[in-house]
Amino acid sequence: MSSFPDHSPFVSPFTGLGPRVGVALSHGFTGSPHAVRAWAKALAEQGYAVRIPLLPGHGTSWQELARTRWQAWHAAYDEAYRELASECDYVFTAGLSMGGALALRVAAKRPVAGTILVNPGLVIDDPRAPIAGILKFVLKSTPAIANDILKPGIDEGAYARTPVAAAHELNRMFKDTVRLLPRITAPVRVFRSTVDHVVSDTSITALRRGLTHAPLELTVLENSYHVATLDNDADKIFRGSAAFIQDVLTTSGERAFPGAPEGQLP
């Protein structure tokens with residue numbers, strides 16, 4: 001069984017050798033840092049500086065999330081990026097689900113080295129999405145699609161209800177993010193589950209169409225559902241993320257090493 005969900009933010013300093021590398025990580029909609037904490041720890045073990053903010057309205061109650069605008073989510077994640085940019089030579093953005101959209105937004109607006117996404121959301125397929133702005137006045141919440149995890153006994157710690165007002169904000173943010181995709185020029189690495197009951201392939205199609213100026217590499221996850229960072233393919237994501245970072249640095253003529261005594265570089 002999984003441990004009790006830890007909703008607190010995650011902060012780890014740079015401890016590696018070579019160029020200073022940072023990774024700004026984001027959790028998903030109605031979730032918390034718990035869903036991506038193991039991912040963050042794996043990157044921190046490589047020596048990278050890592051930040052996971054607790055996005056406003058998350059880790060508390062769905063009622064608080066219902067009072068939160070999408071711009072607040074973006075601002076919190078952008079602040080994490082700016083903190084890393086002030087102390088690192090290279091900063092990567094990364095995220096799960098809605099966190100992937102936030103990572104793409106910052107990549108479109110800031111000088112990032114690359115972006116790593118796990119089952120990123122960019123389109124809401126629910127037919128009620130276009131009328132959520134009106135529906136929120138008569139329907140406060142709906143049952144959440146949480147814990148979409150193939151591995152048994154795992155709890156991502158997401159809300160049991162989805163506030164309709166927040167879903168409306170999410171839909172607005174997704175649409176604005178899709179508009180920004182052509183601005184991205186840094187490479188993008190996507191980890192995509194073959195079975196995902198939360199985000200459909202419509203989001204991946206939107207990503208492919210929008211990334212007109214950035215290289216896109218997709219890795220298939222065959223043994224995980226939506227919250228793949230807590231699922232059977234988690235290690236594949238962690239290893240692939242570190243390899244992607246090293247590939248980008250190598251292309252840039254740099255290389256970062258895991259923390260080790262000087263003279264014992266791998």
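**Two positive phi angles and a helix pair**

Asn 147 is placed in the loop between β6 (141–143) and β7 (161–163) of this predicted model. Its backbone is marked by a phi near 55°, a positive value in a residue other than glycine. Such a value merits attention because most residues other than glycine have a negative phi. With a relative accessible area of 33%, Asn 147 is partly exposed, because this class covers values between the limits of 20% for buried and 50% for exposed residues.

A positive phi is also found at Ser 97, where the angle is about 55° although the residue is not a glycine. Ser 97 belongs to the loop between β4 (90–96) and α4 (98–109). The relative accessible area of Ser 97 is 11%, and Ser 97 therefore counts as buried, the limit being under 20%.

The packing of two helices was also examined. Helix α3 (residues 70–85) packs against helix α6 (residues 164–180) at an angle of about 60°, and their axes are 8 Å apart. The arrangement of α3 is therefore oblique to α6, because the angle falls neither under 35 degrees, as for roughly parallel axes, nor within the 65 to 115 degrees of roughly perpendicular ones. On the side of α3, the contact is formed by Trp 70, Gln 71 and Trp 73. Helix α6 contributes Ala 166, Glu 169, Leu 170, Arg 172, Met 173 and Asp 176. By character, the residues of this contact comprise five nonpolar, one polar and three charged.

Technical notes: Residues are numbered from 1 along each chain as its sequence is written. This is a predicted model: local features need pLDDT of at least 70, side-chain atom pairs count only at pLDDT 80 or more; totals for chains, interfaces and linings use all residues. Side-chain values use heavy atoms; hydrogens and water are left out. Axes are lines fitted to C-alpha atoms, for helices over the stretch in contact, and angles run from 0 to 180 degrees between N-to-C directions. Helices (H or I, at least four residues) and strands (E, at least two) are DSSP runs, numbered from the N terminus. Angles under 35 degrees count as roughly parallel, over 145 as roughly antiparallel, 65 to 115 as roughly perpendicular and the rest as oblique. Contact means heavy atoms within 4.5 Å. Ala, Val, Leu, Ile, Met, Phe, Trp, Tyr, Cys and Pro count as nonpolar, Asp, Glu, Lys and Arg as charged, and the others, Gly among them, as polar. Buried means under 20% relative accessible area, exposed over 50%, partly exposed in between (1.4 Å probe, protein chains only).
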